[in-house]
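Please read the following note with the sequence and the model open beside it. The points are meant to be checked one at a time.

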Amino acid sequence: MNDQNQELRNAGLKVTLPRVKILHILEEASGTRHLSAEDVYKTLLDAGDDVGLATVYRVLTQFEAAGLVTRHNFDGGHAIFELTREEHHDHIVCLDSGEIFEFYDELIEKRQQEIAEEHGFELVDHALVLYVRRKGSKTTRQDAPIRK
């Protein structure tokens, strides 16, 4: 918990119980799941914590502004959050299950850099999202879950 307190202080945020609990939930999910505000809220409720959904949204927005979390709005516009990490990665979103997978591919990264340079630009940042479905799936984009 002291690490979380220090992380909040380093980000310029006051240490409050809701912030510590939400940061802990995000750390527990780190690398395995991307969470929506509703996911965080449900986790808090399941743990018996009395934190409102509005507070969860406010804290996540504060975390994003402080650079602690990254917000993604994948297909469907539903926001999900993950802890901001130093190492870059891209995402695969399964339209059948809503699962989100992280990946890194050096060849893709190199090619994106080359494309920017070929067009006279310097690549500053990017976000690559691949929307996929299982082979043989009959699900349409409208029928697919938004995220997991």
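The numbered points below take up the basis of the model, its core, a helix pair and one strand residue.

1. This is a predicted model, in which local features need pLDDT of at least 70 and side-chain atom pairs count only at pLDDT 80 or more, while totals for chains, interfaces and linings use all residues. Residues are numbered from 1 along each chain as its sequence is written, and side-chain values use heavy atoms, with hydrogens and water left out.

2. The largest nonpolar core (buried Ala, Val, Leu, Ile, Met, Phe, Trp, Tyr and Cys residues joined through side-chain atoms within 4.5 Å; buried means under 20% relative accessible area, exposed over 50%, partly exposed in between, with a 1.4 Å probe and protein chains only) has 22 residues, of which Ile22, Leu26, Val40, Val56 and Phe63 touch the most other members. At least two residues of this core come from each of helix H2 (17-29), helix H3 (37-46), helix H4 (53-66) and strand E2 (79-83), these being DSSP runs numbered from the N terminus (helices H or I, at least four residues; strands E, at least two).

3. Leaving aside neighbours within four places in sequence, Leu26 is in contact (heavy atoms within 4.5 Å) with Leu35, Val40, Leu60, Phe63, Val69 and Leu83.

4. Which residues of H3 and H4 make their contact? On H3 they are Ala37, Glu38, Val40, Tyr41 and Leu44, and on H4 they are Leu53, Val56, Tyr57 and Leu60.

5. Leu130 lies in strand E5 (residues 129-132) and, at 35% relative accessibility, counts as partly exposed. Apart from neighbours within four places in sequence, Leu130 is in contact with His91, Ile92, Val93 and Phe103.
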